[in-house]
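Colleague: I'd like a close look at one part of this model, with enough of its surroundings to make sense of it. Could you walk me through it as you would for a first-year student?

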Amino acid sequence: MQEPTFNPFTQDELILGIKSNEPKVLKWLYQSQYPKIEKYVVANNGDEDQAKDIFQEAFITVWNNVRSDKFIPENGTAVTGYLYQIAKNKWLDYLRSSKYQKTTNLETKHDRSEEEEGNSESLQNHMEAEFKKLGENCREILKRFYFQKQTMETIAEAFQWTEATARNNKYRCIQRLKEKVNTLKH
Amino acid sequence: MDTTDNISQQEFERIESYILGLMTDEEKKSFEEELNLDPKLRANVKDIKVLLQEVERASLKESLDEYHSELKATPVIPILPERQFKWKPLAIAASVLLLLAVSFWVFVGNSTENEKLFMAYYLPDPGMVTAMGTNTDYEFDRGMVDYKTGDYQAAITRWEKLLAQKPDNDTLNYFLGSAFLAVGNPDQAKAYLEKTAQVESSIFQKEAYWYLGLSLLKSEKTEEAIKFLQNSGRKEATEIIEKLK
């Protein structure tokens, strides 16, 4: 595990990369920042699996807040510092929570409402599970279109379909997910 | 989330293009009027919006897991017991060095004087700090991200598309040239760099001359190369010219 010695991206590039799900930027942000959090969690009564969960949660929070312009960088290490702070806060929250009971002297409580945004946690968990259960093709189409922002033309080409077929398949995959989520609600 | 009736593909795509902001102003306006009058449409928009957000989020989560396993798969150097004599890493190191020496000799030994000079002096332009601005800059900036991570081919693909709109832009031509030189295509590089070098007011003019010189050096066109190198005003240019004589 090595840490890059310098940040190859400017704040603007990081923000733009997060907003457009640019794989190079997301990957760099993840791989360069994770080791710090692992170190912190492991040094504070946690293990590697917990570090991974906390870091990914924090990463998604940052991703949400950058996209909704709730977070605007101010100085050189803004995005990475923000990510670190959120992950750290989340870990402290966990240590304070009922899941982890121990009376230790911890830092003051921070305002969590500043950080969170998005849909309810239970919905997110359902969706994540249902998404994983979709067939390989479905996941791939949805991921390429909604996450990687590829055009239907590109996607059709990759699967060697006509564009009409690709669009129809995308529609069906979404319908399938929608039905699953609706059933869960009733 | 409410149970909504299954909607047709056509209706889904209409709602989707509204959510993703792909409608024209006119389409958007009439859609929003409809939205005001139709509670069922409102409910559908809301449901689909949540669904699409969650699809994006689940996709991100999948990518994060990939980045994580990649990070964890980085080989860890095995720790040998303390007392054992560590001849193995030494032997490996020695053979790697030997291999490097041999391949360097083969590589350099077979190349021409010009190529040797090129290799000694060529360093790709590190790229520039991009300031996010208008919409057309967006593609350029994304290309710059590719360029800075060493994915020159991806940068070329993005920038070539932009060139159709701005064929005379000195910055674009300069970095296209730099990217082509970085992937070992000096002839293409020359075509683009020349455009920038012709722009007297360009802040990239000197740099363009420098890389033009190097491109021509690589293509074995020594005389032309010297001409361009002289125009670059670089200290290293004088060194190269000295060595070429």
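Read along the sequence, what pattern does chain A follow? Once that's clear, please zoom in on helix H3 of chain A and tell me which elements cover its buried residues.

Modeller: Read from start to finish, chain A goes α-α-α-α-α-α-α-α. Before the close-up, some housekeeping: this is a predicted model, where local features need pLDDT of at least 70 and side-chain atom pairs count only at pLDDT 80 or more, while totals for chains, interfaces and linings use all residues. Residues are numbered from 1 along each chain as its sequence is written, and chains are lettered from A and ligands numbered from 1 in the order in which they are written.

That pattern amounts to eight helices and zero strands in chain A (helices are DSSP runs of H or I with at least four residues, strands are E runs of at least two, and numbering starts at the N terminus). Of the 186 residues in chain A, 29% are buried (20 or more other C-beta atoms within 10 Å of a residue's own; 12 or fewer is exposed, in between is partly exposed, and C-beta atoms are placed from the backbone). Take the contacts in chain A with a separation of 6 or more: 59% of them involve residues 24 or more positions apart (a contact has the two C-beta atoms, placed from the backbone, within 7 Å).

Now for your helix. H3(A) runs over residues 48-67. Its 20 residues reach 28 Å from first C-alpha to last, close to the 28 Å expected at 1.5 Å a residue (the expected span is 1.5 Å times one less than the number of residues). Its buried residues are A:Ala51, A:Ile54, A:Phe55, A:Gln56, A:Ala58, A:Phe59, A:Thr61, A:Val62, A:Trp63, A:Asn64, A:Asn65 and A:Val66. What covers them includes H1, H2 and helix H4 (78-96) of chain A, together with H3 of chain B. Just past the end of H3(A), A:Asp69 takes a positive phi of about 60°.

A helix from chain B in that cover takes us to the contact between the chains, where 41 residues come from chain A and 33 residues from chain B. On the chain A side, the elements giving two or more residues are H1 (11-19), H2 (23-43), H3 (48-67), H5 (121-133), H6 and H8 (163-185). H8(A) supplies the largest share, nine residues. Sorted by class, this side has 21 nonpolar, 10 polar and 10 charged residues (Ala, Val, Leu, Ile, Met, Phe, Trp, Tyr, Cys and Pro count as nonpolar, Asp, Glu, Lys and Arg as charged, and the others, Gly among them, as polar).

One residue to find on screen is A:Tyr146, which sits in H6(A), residues 136-147. A:Tyr146 counts as buried because it has 23 C-beta neighbours inside 10 Å. Leaving out residues up to four places away in sequence, A:Tyr146 touches B:Leu52, B:Val55, B:Glu56 and B:Ser59. Its C-alpha atom is also 9.9 Å from that of A:Asn21, although the two are 125 residues apart along the chain.

Let's step across to the partner. Chain B has 12 helices and zero strands, and 27% of its 245 residues are buried. The chain B helix that helps cover H3(A) is H3(B), residues 39-72, and its axis comes within 10 Å of the axis of H1(B), residues 9-19, crossing at roughly 70° (axes are lines fitted to C-alpha atoms, for helices over the stretch in contact, with angles from 0 to 180 degrees between N-to-C directions). That angle makes H1(B) roughly perpendicular to H3(B) (65 to 115 degrees; under 35 is roughly parallel, over 145 roughly antiparallel, the rest oblique). At this crossing, B:Ile15, B:Glu16, B:Tyr18 and B:Ile19 in H1(B) meet B:Asn44, B:Val45, B:Ile48, B:Lys49 and B:Leu52 in H3(B). By class, that makes six nonpolar, one polar and two charged residues.

Notice B:Leu52: it is among the residues of H3(B) that meet H1(B), and it is also one of those touched by A:Tyr146.
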